[in-house]
Amino acid sequence: MGERRDLWYRLRPYFPDPAPIVPEAEGKLVRSVGLTLEAVGLNVSVGRQCVVCSRDGRRVEAEVVGFAGQSIYLMPVKRVEGLEPGARVIPLAHGQAMRIGLQTLGRVVNGLGQPLDGKGPLQGGEFLDAVPRDINPLSRHPISEPLDVGIRAINALVTVGRGQRMGLFAGSGVGKSVLMGMMTKYTTADVVVVGLVGERGREVKEFIDHILGAEGMARAVVVASPADDAPLMRLRASQLASRVAEYYRDQGLNVLLLMDSLTRFAQAQREISLAIGEPPATKGYPPSVFARIPELVERAGNAAEGEGSITAFYTVLTEGDDLQDPIADAARAILDGHIVLSRQLAQEGIYPAIDIEASISRAMPNIVQDDHLKQMQKFKHLLSRYQQNRDLIAIGAYSPGSDPQTDEAIERFPKLRAFIQQGLKEAVHLPESMSALRSVLRPAAEKSESPLAAAHARRQT
């Protein structure tokens, strides 16, 4: 029996779809509760792919997610309909393999690697191996050069390095999808991989047509699994997006990975874990969720020197704009920085609504010049000083001339706010971003007194 199974694995490239059935003992379905299927009579490992065959010929693909004694727990990849007690459960030799190559650029696939765009089967030179190669952390090339993302506020104030992993923290309806689309079109990367996981089905089409557009799709691969997909499909879509990015990195290319969202990935893992009986730990999240997040995130980054890189942006949905949400807190600890989108700025019509004070890039001190770092710190200082005195300024309780730094913040605030704003179809690259930052912070012409102090003196007289 073992020799026959090995033969199937050697013949794997010739049977991409459907997956061949392994000639070994099959089981039967004895229980179906919620999302979980329970079978007996199987001797398979966790992660193994199986197919459940009903009497009317329906095939439901499922994955082994746990076991207890002689019972095997499976999670269906798609929604389950028409299964009955005693249905046959047959192990598969392997999961469905996705063809990949440069011809895959411009395509949209689901979590199984199946095309969703109606352009026919995928074309590529090889099948994508589901298991990524391990990279020794000491062999990874350090983050040493900035990455131009085409967004002025990010380039100048939250500079991202090639191979860095950033979090994009935002509540719903604050503009994170639009910001991701801008980065997709304007970032200087060879390949862009977009994972749309757990979002509304309508948004998938809108993101591809209106935000990415033909220009963005020309060098992108989109892996989509909307909110109505089974949790296992959403989990696979997240993993497949990372695996596709790893493939192109291993070809020596610089890859931009955009994952929307890491929160939906965690919620899919929570649904699976709770369904098989894992106890919740932190606000309803089982411990396995917090183990899966670093497993996914750590796959991004630089390879060895001279090889490719993956610069990754993971969106994190902060429910109720709460940055202390367990998933947000866990992501912030493992990522190399975070960009926070402010609902208040969005309500004021400022897009992208980046909260500069709350955003930080941990790699920025290592990839920019000292004068750039000082200008960034001064920008943040002036913006923070204005925000601290905003209420006093609004009601006229602040007396100009009482604090020179606050006076300067008030004087420069319109330019600081305008610096953050950027049009949807406007690309501002790194040199232009730095020039604009220097212009905003350029010292004013020397005068005997500031305009605010002069106005205050005139009122006094």
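# Group meeting: a walk through the predicted model

Let's start with a lysine. K185 sits in helix α3, which covers residues 176-186. Is K185 buried or exposed? K185 is buried: its relative accessible area is 17%, and the cut-off for calling something buried is under 20%. As for who surrounds it, setting aside neighbours within four places in sequence, K185 is in contact with I211, L212, E215, G216 and R219.

Before I go on, please keep in mind that this is a predicted model. Everything I say today is computed from that prediction.

Okay, the overall picture. The protein has 461 residues, and 52% of them count as buried. In secondary structure, we have 15 helices and 17 strands. The accessible surface comes to about 21,000 Å², with 51% of that belonging to carbon and sulfur atoms. And here's one on how the chain folds back on itself: take the contacts between residues at least 6 apart in sequence, and 72% of them join residues at least 24 apart.

Now, the barrel. Which strands close into it, and in what order? There are six, and going around you read β1-β2-β5-β4-β3-β6, with antiparallel pairing. On average, neighbouring strands in this sheet are turned by 45° against each other, ignoring direction. There is also a helix on this sheet: α5, residues 231-250, packs there and touches β3, β4 and β5. The direction of α5 makes about 90° with that of β4.

Let me go through a few of the pairings, if you want to follow along on the structure. As a reminder, strands of a sheet pair through backbone hydrogen bonds, either parallel or antiparallel. Strand β1, residues 27-33, runs antiparallel to β2, and five bridges join the two. V33 stands opposite T36 in β2. These two strands form a hairpin with two residues between them, and in that hairpin G34 takes a positive phi near 65°.

On to the next partner of β2. Strand β5, residues 71-76, pairs with β2 over four bridges, again antiparallel. Here L37 stands opposite L74 in β5. So why do I call β2 largely enclosed by the rest of the structure? Because four of its five residues, in the stretch 36-40, are buried.

One more step around. Strand β4, residues 59-68, pairs with β5 in the antiparallel sense, over six bridges. Look for F67 there: its bridge partner in β5 is I72.

Right, next stop is a glycine. Where is G124? G124 is in the loop between β8 (108-109) and β9 (126-127). Despite the loop address, G124 is buried, with a relative accessible area of 16%. If we leave out its neighbours within four places in sequence, G124 is in contact with R99, I100, G101 and Q103. And if you measure across to L105, which is 19 residues away along the chain, the C-alpha atoms of the pair are separated by 10.0 Å.

Now for a pair of helices. α7 (residues 287-297) and α8 (residues 326-334) pack at an angle of about 40°, and their axes are 10 Å apart. With that angle, α7 and α8 are oblique to each other. The crossing of α7 past α8 is right-handed. Which residues make the contact? From α7 we have V289, F290, I293, P294 and V297, and from α8 we have P326, I327, A330 and I334.

Just ahead of that, have a look at K283, in the loop between α6 and α7. K283 has a positive phi of about 50°, although it is not a glycine. K283 counts as exposed, at 62% relative accessibility.

Last topic: cis peptide bonds. One joins D260 and S261, with omega at about 15°. S261 is found in the loop between β13 (254-260) and α6 (262-275). Another cis bond joins Y351 and P352, and there omega is about -10°. P352 is also a loop residue, between α9 (343-347) and β17 (360-361).

To wrap up, let me go back to the two places where buried residues came up by name. K185 is buried in α3 at 17%, and G124 is buried at 16%. The barrel has six strands, with α5 packing on the sheet. That's my tour, thanks for listening.

How values were computed
Residues are numbered from 1 along each chain as its sequence is written. This is a predicted model: local features need pLDDT of at least 70, side-chain atom pairs count only at pLDDT 80 or more; totals for chains, interfaces and linings use all residues. Side-chain values use heavy atoms; hydrogens and water are left out. Buried means under 20% relative accessible area, exposed over 50%, partly exposed in between (1.4 Å probe, protein chains only). Contact means heavy atoms within 4.5 Å. Two strands pair if DSSP finds at least two bridges between them. Axes are lines fitted to C-alpha atoms, for helices over the stretch in contact, and angles run from 0 to 180 degrees between N-to-C directions. Accessible areas come from the Shrake-Rupley method with a 1.4 Å probe; for residues, only the protein chains shown count as cover. Angles under 35 degrees count as roughly parallel, over 145 as roughly antiparallel, 65 to 115 as roughly perpendicular and the rest as oblique. A crossing is left-handed if the near helix is turned anticlockwise from the far one by less than a right angle, and right-handed if clockwise.
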